[in-house]
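Visitor: Could we go through this model together, beginning with the nucleic acid and then turning to the pockets?
Guide: Certainly; please have the structure open.

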There are 2 protein chains.
Amino acid sequence: MDHINIVTSGNSTAQQVYDWLHGRILRGELEPGARLSETEIAGQAGVSRQPVREAFIRLTATGLTEVRPQRGTFIGRISINAVLSARLIREAVESDLIRMVSANLDYELLARLDRQLAAQREASERQDVEAFITLDDQFHHSLAVAAGHGDVWDVLEGLKSQMNRLRHITARIFDHQKLIEQHGAIVQALREGDADGAEQAMRLHLREVLNDLPEIARSKPEFFTK
Amino acid sequence: MDHINIVTSGNSTAQQVYDWLHGRILRGELEPGARLSETEIAGQAGVSRQPVREAFIRLTATGLTEVRPQRGTFIGRISINAVLSARLIREAVESDLIRMVSANLDYELLARLDRQLAAQREASERQDVEAFITLDDQFHHSLAVAAGHGDVWDVLEGLKSQMNRLRHITARIFDHQKLIEQHGAIVQALREGDADGAEQAMRLHLREVLNDLPEIARSKPEFFTK
DNA sequence: GACGATTGACTGGTATGGAAGTATGGCATA
DNA sequence: TATGCCATACTTCCATACCAGTCAATCGTC
């Protein structure tokens, strides 16, 4: 969606502008380094500069934009360090969570995970990147909930935002087939009651997820910052 | 510091107001549930509502305040779930980090950690809560840096903000002696090259750090939210 | 005295204007 | 032709005014 339609009931104007810009940034429609201005966005949205300014302040607070006085507001470049830190944190946390899942295995969960894997395969076959990203997140969320720590997923999801931008910007590079196989290996280890195996499969999965990062950074250096 | 002095050079007015309010919230001077208004803070700071509004938007983006239209801006209650999630994430991540430290032990680090422990004892003896919190954070930061992942500490520090509010609000309850002993056990396991022991000591430390949370929540229920 | 309606004060949200700083283009001069 | 200066347009930041909604106090009626 590259246009915005402001409605005067429900969410505030500033919230609507934030949601619009936030979605466009995460989907890679507003590329890292691109320049916006309050006046320009206000014109597009048919509102005053004020709520646009407020949306910018919020986006800046989450690291997605950078305001340079007198110059403009720039879409934040993807921080390689932030992506790497998020990966390391996810590996540590999700390997603890998978051990908790294994210790209290619910067979209905296995059936649900199998259904999710099937949906992932289908999304991959029709090359629906958006759906695949959503299903991937859903898989990990299900595991966090099964571990009794659904709230932790909210935190991890926040950390993933730069990673999700990366995936949208470079949609073709990620090997969805391999990700699905790795998800499958995690589920299989759970099925066999192999807690160590499940942890190792999760660690492998989250370690490999960034194998292509150096290549990506080389192909689009202007999108990245340390 | 309960007053603010706005200077017209250097940081923007909105930034100064944000820093002032942010510090007061973290130190517990503005208690959870307390009500502020743009008009009131603008009056105190001698500026228009506009930069105050901007500071509120930023504070709200970080979860420290909540804006209720027509009603006021309220200092956020401490989310028990957020504190618990942060603890779980810290345990997972810092146990991975301590294994990395142990695998590449630098003896100069041990000397530095010993010095930090001595400083913690001293701060505890003179009951300097502020200094103790700073030194506690420094200890953990040193370990993250030693593991080669100083950036990860920045993320963990962000997660700790609710925990740090808790510590300021309930300064007397945390047993600093026990925390220092636990830090000491971590350093000793490192000295002995015992990676498993270091991980277990770190897990125990980060697991016990919230033992008093139920009691605290009972004694001041109005400060907390789920 | 109790209840409901009205009024005024207060709140956040938005629009508009002015100030200060930055960047670019045009014109004059060497 | 190249360089420097000036004017203009653009930017964000802050101040002020207006609007709609909320709440508490007061007044009128039963």
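**Contacts with DNA strand C**

Guide: A polar side-chain atom of Arg49(A) is placed 3.0 Å from a base oxygen of DNA strand C, a polar contact being a pair of N or O atoms within 3.5 Å. This is a predicted model, in which local features need pLDDT of at least 70 and side-chain atom pairs count only at pLDDT 80 or more, while totals for chains, interfaces and linings use all residues. Residues are numbered from 1 along each chain as its sequence is written, chains are lettered from A and ligands numbered from 1 in the order in which they are written, and side-chain values use heavy atoms, with hydrogens and water left out.

Visitor: And Gln70(B), what does its side chain lie 2.7 Å from?
Guide: A base oxygen of DNA strand C lies at that distance from a polar side-chain atom of Gln70(B). For Arg53(B), the partner is a phosphate oxygen of DNA strand C, 2.6 Å from a polar side-chain atom.

Visitor: How many residues surround the strand C DNA?
Guide: There are 24, and the closest are Thr13(A), Ser48(A), Gln70(A), Arg53(B) and Gln70(B); a residue is near a strand if one of its heavy atoms lies within 4 Å of it. Of the atoms of DNA strand C that come within 4 Å of the protein, sugar and phosphate account for 63%.

Visitor: Which helix gives the largest share of that surface near DNA strand C?
Guide: That is α3(A), with four residues; helices are DSSP runs (H or I, at least four residues), numbered from the N terminus.

Visitor: What about the residue classes there?
Guide: The surface near DNA strand C has six nonpolar, ten polar and eight charged residues. Ala, Val, Leu, Ile, Met, Phe, Trp, Tyr, Cys and Pro count as nonpolar, Asp, Glu, Lys and Arg as charged, and the others, Gly among them, as polar.

Visitor: Changing topic: how much space lies in the largest pocket?
Guide: About 1,700 Å³. A pocket is an open set of points on a 1 Å grid over the protein atoms alone where a 1.4 Å probe fits, with protein on both sides within 12 Å along at least five of seven lines; lining residues have an atom within 4 Å of a point.

Visitor: Which residues lie nearest its centre?
Guide: Of the 49 lining residues, those are Val155(A), Gly158(A), Leu159(A), Ala61(B) and Leu159(B). By class, the lining has 18 nonpolar, 21 polar and ten charged residues.

Visitor: And what volume has the second largest pocket?
Guide: The second largest pocket has about 700 Å³, and α3(A) gives the largest share of its lining, five residues.

Terms used:
A polar contact is a pair of N or O atoms within 3.5 Å; within protein, one must be able to donate a hydrogen and the other to accept it, and residues adjacent in sequence count only if both atoms are side-chain atoms. Helices (H or I, at least four residues) and strands (E, at least two) are DSSP runs, numbered from the N terminus. Grid points are joined across faces, edges and corners, and a volume is the space filled by probe spheres set on the points.
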